[in-house]
Each structure stands twice: as structure tokens, then as C-alpha cells.
Amino acid sequence: MNILLFGPPGAGKGTQSALLVEKDGYAHISTGDILRAAIKNETPLGLEAKKQIDKGELVPDEVVTGLVDEAISSLGQQPFILDGFPRTVVQAENLDEILKNKDKKISKAIFLDVDTNFLVKRLSGRRVCKSCGASYHVDASPTKVEGICDKCSGQTYQRTDDEPSAINKRLEVYEQQTSPLKSYYIEVGNFVKVDGLGSFPEVYGRIKELIEV
Ligand code: AMP
């Protein structure tokens with residue numbers, strides 16, 4: 001079963017994806033992670049995408065669609081989670097086309113529902129490991145030693161797009177461009193909503209119940 005996790009920035013898509021990968025053997029396709037790796041490696045794609053990402057804007061549909069097409073092709077038959085793609089209705093249409101060509105489908109489009117006030121707190125306190133990508137929160141789940149990743153001892157940092165001006169832009173972009181995906185997947189018939197508030201294991205439990213149906 002292939003699944004799609006979507007929702008506002010800070011809803012916990014990355015964290016829940018990591019749990020599904022670890023416990024359930026899914027492959028994880030995150031356009032945000034692919035783009036950040038390209039930025040880190042200073043590839044032409046990364047250098048171009050950085051401008052939009054730092055401002056909290058979206059990278060063009062055709063760029064991310066190409067990345068996802070490649071990523072799905074490389075997986076063979078392994079079930080996957082799409083995290084952070086699609087983010088626009090055009091991307092959702094492109095995805096339908098990609099899947100049709102590969103004879104695959106998305107069984108559940110899972111919407112992680114979290115209140116906006118909570119999102120700002122989550123995003124502004126988020127810290128990420130530069131080396132392994134593990135995610136922390138300065139209040140809710142801090143590292144044992146400030147600035148040092150518990151898992152790999154790498155340095156943690158605040159993503160440029162988790163700074164206040166970019167957070168506001170990302171929430172605005174989400175409302176305008178990504179939230180219409182709810183209606184899109186309701187129409188398709190595979191939409192499910194999960195309450196994204198609560199501890200990570202609680203939310204994971206809710207997702208797990210849904211995908212086991
Ligand atoms: P994320 O890690 O999913 O929050 O993504 C971080 C940033 O990468 C977003 O704010 C966008 O600038 C860019 N990005 C990630 N996925 C997409 C996508 N599907 N379409 C356009 N831009 C994206």
C-alpha cells in the first residue's frame with residue numbers, strides 16, 4: 001500500500017514518515033529532504049531551489065514532479081510514503097499521471113490536521129541535525145546536550161525556513177496552494193483525516209489503524 005501524508009508545515013509529516021519507515025518498512029520520498037540534500041551538495045538544482053525554500057515559497061511544480069518520478073522509479077515494488085508532495089493541485093494531477101504510467105496507486109491520502117497556533121510553536125522551536133536529519137524541539141523534545149544530536153552527535157541547527165518571516169509565508173502558501181488538495185482527494189475517494197495533535201506515538205497509532213483497514 002502506498003500512502004501520501006499531507007498537511008500544513010509543522011503538522012508532523014516528517015516525524016510520522018520516519019516512524020512508518022522504521023516500524024513498517026516503507027520507503028520515504030520527501031521532496032523537502034531531496035531538495036535540502038541538493039542544497040547541501042550545491043548542485044545546480046539545489047542552488048536554484050534554495051532561493052525559494054529560504055523565502056518559504058514553493059519550488060516549481062515541474063522540478064519537484066521530476067524528482068518524484070525518479071524516486072518512485074528507483075523503488076521497484078517497495079511500498080512508499082510520499083511526504084510533502086504533492087503540494088499543489090497541478091502536482092497531484094502530475095502524480096496521477098506518473099502512477100498511472102507505472103501501474104501504481106495511492107491507497108490513502110492522509111491529512112494530518114493541526115491547529116495553526118500550534119504549528120507556529122512547533123516550527124519556530126524545531127531544530128534539525130545537520131548530519132542525520134533527526135528532528136528535535138527546544139521545549140517539547142530537546143537534545144540531551146544543547147546543539148548536539150542525541151543519535152549521531154552531529155550539530156543541530158534551525159532551518160532558515162523555520163525562522164519567523166518564512167514560517168508566515170509557508171503557512172500562507174499552504175492555505176492558498178496546498179489546502180485545496182483536501183477536496184481533490186475527497187473527490188478521488190482516498191482522503192482520510194488524522195488528528196495530528198498528541199504525542200508522536202499517539203499520532204502514529206492513529207495512522208497505523210487507518211492503514212491497516
Ligand atoms: P518540507 O521539508 O516538506 O517542509 O519542504 C521544505 C521546502 O521545500 C518547502 O517550503 C518548499 O519550498 C520546498 N518543497 C518541498 N516539497 C515541495 C513541493 N512538493 N513543491 C514545491 N516546493 C516544495
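Let's start with a ring: Tyr185 counts as buried, because its relative accessibility is 2%. Here buried means under 20% relative accessible area, exposed means over 50%, and partly exposed is in between (1.4 Å probe, protein chains only). What you're looking at is a predicted model, where local features need pLDDT of at least 70, side-chain atom pairs count only at pLDDT 80 or more, and totals for chains, interfaces and linings use all residues. Residues are numbered from 1 along each chain as its sequence is written, and side-chain values use heavy atoms, with hydrogens and water left out.

Back to the rings. The structure has five aromatic pairs; rings of Phe, Tyr and Trp (its six-membered ring) pair if their centres lie within 6.5 Å, with planes under 30 degrees apart called stacked, over 60 edge-to-face, and the rest tilted. Phe6 and Tyr185 make one of these pairs, a tilted one, with 6.0 Å from centre to centre and 55 degrees between the planes. Phe6 belongs to strand 1 (residues 2–6) and Tyr185 to helix 8 (residues 181–188), so this pair ties together parts that are 179 residues apart in sequence. (Helices, H or I with at least four residues, and strands, E with at least two, are DSSP runs numbered from the N terminus.) Like its partner, Phe6 is tucked away: its relative accessibility is 3%, so it counts as buried.

Next comes a stacked pair, Phe111 with Phe191, at 6.2 Å centre to centre and 25 degrees between the planes. This one also links distant parts of the chain, since Phe111 sits in strand 4 (residues 106–113) and Phe191 in strand 8 (residues 191–195), 80 residues apart. Phe111 is buried, with 4% relative accessible area, whereas Phe191, at 22%, counts as partly exposed. Put the rings together and you get one aromatic cluster, formed by Phe6, Phe111, Tyr184, Tyr185 and Phe191.

Elsewhere, a charge meets a ring. Lys23 lies over the face of Tyr204, 5.8 Å from the ring centre; the rule is that NZ of Lys or CZ of Arg must be within 6 Å of the centre and within 35 degrees of the ring normal.

Now for the ligand. There are 16 residues around it, and Thr31, Arg36, Glu57, Gly84 and Gln91 come nearest; to be near, a residue needs a heavy atom within 4 Å. Helix 2 (residues 31–40) gives the most to this shell, with four residues. On the polar side, a ligand nitrogen is 2.9 Å from a polar backbone atom of Gly84, and a ligand nitrogen is also 2.9 Å from an N or O atom in the Gln91 side chain. An oxygen of the ligand, meanwhile, is 3.3 Å from an N or O atom in the side chain of Arg159. Taken alone, the ligand exposes 480 Å², and the protein buries 96% of that. These areas come from the Shrake-Rupley method with a 1.4 Å probe; for residues, only the protein chains shown count as cover.

Let's move to Asp83, found in strand 3 (residues 80–83). With a relative accessible area of 7%, Asp83 is buried. Its side chain makes a 2.8 Å polar contact with that of His28, meaning a pair of N or O atoms within 3.5 Å; within protein, one must be able to donate a hydrogen and the other to accept it, and residues adjacent in sequence count only if both atoms are side-chain atoms. Leaving out neighbours within four places in sequence, Asp83 is in contact (heavy atoms within 4.5 Å) with Leu5, Lys13, Gly14, Ser17, His28, Ile29, Ser30 and Thr31.

Lys102 offers another side-chain link. It lies in helix 5 (residues 89–102) and, at 26% relative accessibility, counts as partly exposed. Its side chain makes a polar contact of 2.8 Å with the side chain of Asp69. Not counting residues up to four places away in sequence, Lys102 touches Asp69, Ile72 and Ser73.

Two last stops. His137 is in strand 6 (residues 135–137) and is buried at 13% relative accessibility. A polar atom of the His137 side chain lies 3.0 Å from the backbone nitrogen of Asp139. Thr156, in strand 7 (residues 156–157), is also buried, with a relative accessible area of 17%. Beyond four places in sequence, Thr156 touches residues including Arg127, Cys129, Tyr136 and Cys149.
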